[in-house]
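Here is a friendly first walk through this structure. Take a look at it, then read on.

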Amino acid sequence: MPENYVIIIPQFNDWEALNLLIQKINADLNTPILQNTTLLIVDDCSSRSRTQPFAAFGGKELKVLRLYRNLGHQKAIAIGLSYAAEHMKADKVIVMDADGEDAPGDINKLAARSIEEPDKIIFAERNKRTEGFLFRFFYIIYKYVFKLLTGKVITFGNFSLVPQSRLQNLVRVSEIWNNYPGGVIKSRIPYDSVLTNRAKRLAGESKMNFVSLVLHGLSAISVMVDTTAVRILIFSIFMSAVAIGFIFFILFLKLIGNATPGWASTLGSTLMILMLQSFLISLFLVFMVLQYRSQQHFIPAVHYRDFVEKVESFS
């Protein structure tokens, strides 16, 4: 029996690029996959209406899930996954962007790897990026900061394949509401990746600016805020130990008479204040995180319906 695929595409005011993407999906997907594929477009409360009909889709069906308000890319993905898990018969679910930078031909690679690893989520890992130097430079910094604060390595984005055996687990991971790839890492659901090249945007301009990229990076780190808080506390303790070492060194210089009058006491007290402040702030952060863990969290599979205005079907 051929497997049923659902491709989830969140979009906001990207109708032109979306139409071109549908045409590329028709052209680039392997025929057995295309013929058993349903497109689920998550319209993140676009402020501009469609001016043209959807391009003809060679798969089974095209659905548009309209949200009551703009929630952002990550939450739109979580809602699409939750809707597909409850209402659609899907053996495998694909998550990809509407701008065309996730090449439809790479879905064939994801599907092939999924046959080898049938119980894992398969991500598209970027082998070659087309962005400018500045973006790539800050992206490298982001990856190192992410590893430093979380102890994890992140080399992929939203473009992925979710097998049916993991879909119900995934939509009950509250962290995907904030950041989808970070939520998968935090959930410990097994995943793998395949190397792909990022394509170019099909139409229009990217809505991501520097501030948006920083927020996206911080949201990925915040998903593992408990680990981050503890690592910050450990770093604070280490720096406090270094500060105490300097204080003893300053006292030693003062005792042997090599310290300038007033210099030793000023520097020593400053180091002591900084040490206590950093330690107490880090400790407070850890306790805040522990308190947060005891609270009931937002579960996409349960609460996504509050944001769905309507679902339209196009054949």
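## Where the two domains meet

About 760 Å² of area is buried between domain 1 and domain 2, and carbon and sulfur atoms give 66% of that. On the domain 1 side, L149, T150 and K186 lose the most area to domain 2, and together they make up 59% of what that side buries. Keep in mind that you're looking at a predicted model.

So what counts as a domain here? Domain 1 comes in two pieces of the chain, 5-209 and 299-314, while domain 2 covers 223-294. Their C-alpha centres sit 43 Å apart. Where they touch, 14 residues of domain 1 are in contact with 7 residues of domain 2. And how many salt bridges does the rule find across the interface of domain 1 and domain 2? The count is 0.

## A strand covered on both sides

Now for strand β2, residues 37-43. It's mostly covered, with 7 of its 7 residues buried. One of its faces carries T37, L39, I41 and D43, the other has T38, L40 and V42, and every one of these is buried.

Strand β2 also pairs with two other strands, and here is how that looks:

| Strand pair | Bridges | Direction | Partner of D43 in the other strand |
|---|---|---|---|
| β1 (residues 5-11) and β2 | 7 bridges | parallel | Q11 |
| β2 and β3 (residues 61-67) | 6 bridges | parallel | R66 |

D43 is a handy spot to find by eye: Q11 stands opposite it, and in β3 its bridge partner is R66. D43 is also among the buried residues of β2.

## The nonpolar cores

In soluble globular proteins, nonpolar side chains tend to be buried together. In this model, the largest nonpolar core has 45 residues, and I79, L81, L170 and Y180 have the most contacts inside it. Helix α3, residues 73-87, supplies the largest share of this core, with 8 residues.

There's another core lying apart from that one, made of 29 residues, including L18, L21, L39 and A55. You've met L39 already, as one of the buried residues of β2.

Which residues does L170 touch, leaving out those up to four places away in sequence? The list is L81, I121, V162, I176, Y180, V184 and I189. Two names on it, L81 and Y180, were mentioned above alongside L170 for having the most contacts inside the largest core.

Technical notes
Residues numbered from 1 in each chain as written. Predicted model: local features only at pLDDT ≥ 70, side-chain atom pairs only at ≥ 80, totals over all residues. Heavy atoms only, no water. Core = buried A, V, L, I, M, F, W, Y, C linked by side-chain atoms within 4.5 Å. Buried < 20%, exposed > 50% of the residue type's maximum accessible area, 1.4 Å probe, protein only. Helix = DSSP H or I, 4+ residues; strand = E, 2+ residues; numbered from the N terminus. Contact = heavy atoms within 4.5 Å. Pairing = 2+ DSSP bridges. Domains from an automatic or database assignment. Buried area = accessible area lost by both parts, 1.4 Å probe. Salt bridge = Lys/Arg side-chain N within 4 Å of Asp/Glu carboxyl O.
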